[in-house]
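Please open the model in a viewer and follow the selections below in order. The tour has two stops.

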Amino acid sequence: MLTIRDKAPVTEPERQYYFMDLCKEHISRLAEELGHQPTCCVTTFGCQMNARDSEKLVGVLERVGYQLIEEEEKADFVIYNTCTVRDNANQRVYGRLGALKNKKKKNPHMKIALCGCMMQEDVVIEKMKQSYRYVDLIFGTHNIYKFAELLMASFEEEGMVIDIWKDTDKIVEDLPVERKYSFKSGINIMFGCNNFCSYCIVPYVRGRERSRASADIIREIEALVKDGVVEVMLLGQNVNSYGKNLEENITFAGLLEKIEAIEGLERIRFMTPHPKDLSKELIQVMKKSKKICRHLHLPVQSGSTAILEKMNRHYTKESYLELASYIRNEIPDISITTDIIVGFPGETKEDVDHTIDVIKAVEYDSAFTFIYSKRTGTPAAAMENQVSEEEVKEQFNRVLETVQQVAAKRMSLITGQVQPVLFEEINNHDASMLTGKLSNNATVHVKADSSMIGKILPVKLTECKGFYYMGELV
Ligand code: 5AD
Ligand code: SF4
């Protein structure tokens with residue numbers, strides 16, 4: 001007798017749609033059993049790439065008949081899309097999983113699934129097998145497209161279903177996606193990273209670089225625009241490498257020009273470019289563009305050439321500063337933001353002085369500052385001179401203070417101006433206000449009606465509050 005697996009189509013995405021149909025039948029039986037439509041809750045840790053992956057998970061879950069809810073304790077299906085870039089992200093997942101154990105006891109129907117970067121680590125899988133036996137399904141970053149098939153497997157099989165791939169060269173198009181926002185969307189343009197910065201675990205958990213064909217990207221954006229999207233965020237670990245493994249002859253700057261031509265699209269953002277291969281061509285494309293936002297996130301990580309070398313970043317303090325000043329000269333109204341790591345092995349106070357020099361010279365509009373986190377398997381984890389927590393704290397505070405001073409100064413420069421704002425959501429503290437974004441990515445709070453969500457309207461920036469503005473519709 002043929003099993004359901006033998007009958008499944010071998011080509012993708014048809015195979016996954018076949019399993020979605022099977023899951024749907026299962027969920028409708030479950031609904032009868034439970035007396036309500038089964039509910040699901042998706043929790044995302046980490047970066048925008050994960051946020052986009054979670055939209056793909058929700059796309060499948062809703063299609064097979066789950067209702068998406070916010071309250072985890074009421075959910076029949078709970079999934080954590082995990083991050084492992086720093087150890088505290090892992091610890092949060094372990095903590096939340098521990099708490100879920102009791103909830104599952106109260107609701108035996110509850111299914112628990114884990115996916116994302118943390119699951120690509122062997123030590124994590126071992127720990128799951130040992131101490132978290134109540135988890136039903138575990139998969140990784142390379143086979144997320146198989147979610148429907150794996151979900152069906154976990155409905156059919158007793159115990160933990162685990163499917164982790166080491167790497168892939170596969171990109172599956174045209175699977176369902178359920179966007180969190182109707183008017184903006186992330187778009188994967190490439191997957192993986194080949195840079196191997198010595199502190200970073202991403203290349204080990206996200207695999208080698210693979211770009212999507214430009215025609216697929218354009219087709220996806222055109223469909224999104226027809227569906228009401230006005231802003232896209234192009235996603236990749238190192239967007240400057242876009243196109244390198246494709247047969248078609250295209251660069252990231254070339255891709256941006258094609259996207260610019262899409263009628264109805266208003267704003268284009270992207271992240272993250274690597275400073276080592278940010279081309280002047282890209283800056284020129286940004287300069288003449290009407291749609292690319294006036295924002296460049298350009299992670300510096302450290303201002304010390306010696307540390308940058310140990311980080312395997314392939315640029316120096318001087319070359320980074322030269323690049324930043326070229327950008328500021330070409331596009332004066334651009335905001336430049338960054339990521340900084342403090343406490344890399346061997347980092348001295350003098351190294352941090354160099355980082356502070358760079359912050360002051362570039363005048364970042366904002367910056368994410370991280371304390372170095374040792375990631376097993378990366379070259380930096382094996383380096384001598386790991387810095388003590390006490391020393392890091394002191395240096396971290398110096399960096400943070402400088403960032404805050406510089407950012408507040410930059411922010412105050414445009415107070416009083418009128419700028420277009422994309423209204424994104426109702427303000428967390430005051431329901432009569434909306435929160436929106438300027439082209440340069442700064443946040444603005446404005447008294448406005450919820451019907452304006454998703455619209456781009458001119459706003460006067462009446463007051464700068466350090467990290468955000470208060471504004472008025474004009
Ligand atoms: N420790 C601290 N921060 C890290 N990042 C990446 N790896 C580590 C690590 N091991 C930071 C970098 C990167 C951002 C996404 O996370 O600054 O740009
Ligand atoms: Fe990590 Fe460096 Fe790749 Fe960014 S470019 S994901 S920091 S290895």
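**Stop one: ligand 1**

Select ligand 1 together with Arg86: an oxygen atom of the ligand is 2.9 Å from an N or O atom in the side chain of Arg86. Keep in mind throughout that this is a predicted model. Add Gln301, which has a polar side-chain atom 2.6 Å from an oxygen atom of ligand 1. Next, add Asp339; here an N or O atom of the side chain is 2.7 Å from a ligand oxygen atom.

Now show the surface of ligand 1. On its own the ligand has 400 Å² of accessible area, and the protein covers 85% of that. Which elements give two or more residues to the shell around ligand 1? Colour strand S13 (335–342) and strand S14 (366–371) to see them.

To display the surroundings in full, select Val85, Arg86, Tyr199, Gln301, Asp339, Ile341, Phe370, Ile371, Tyr372, Ser373 and Arg375. By class, this shell around ligand 1 holds six nonpolar, two polar and three charged residues.

**Stop two: helix H10**

Move to helix H10, residues 280–288, and show the side chains of Leu282, Ile283, Val285 and Met286, which are buried. Look down the axis of H10: the buried residues fall within an arc of 160 degrees, so they line one face of the helix. On the face turned away from this buried side, select Lys280 and Lys288, both exposed.

What do the buried residues of H10 pack against? Select helix H9 (252–260) and helix H12 (317–330), then strand S11 (267–271) and strand S12 (295–297); these are the packing partners of the buried residues of H10.

Conventions: Residues numbered from 1 in each chain as written. Chains lettered and ligands numbered in written order. Predicted model: local features only at pLDDT ≥ 70, side-chain atom pairs only at ≥ 80, totals over all residues. Heavy atoms only, no water. Buried < 20%, exposed > 50% of the residue type's maximum accessible area, 1.4 Å probe, protein only. Helix = DSSP H or I, 4+ residues; strand = E, 2+ residues; numbered from the N terminus. Arc of directions from axis to C-beta. Contact = heavy atoms within 4.5 Å. Near = heavy atom within 4 Å. Polar contact = N/O pair within 3.5 Å; in protein donor to acceptor, adjacent residues only side chain to side chain. Areas by Shrake-Rupley, 256 points an atom, 1.4 Å probe, with all protein chains shown as cover. Nonpolar A, V, L, I, M, F, W, Y, C, P; charged D, E, K, R; others polar.
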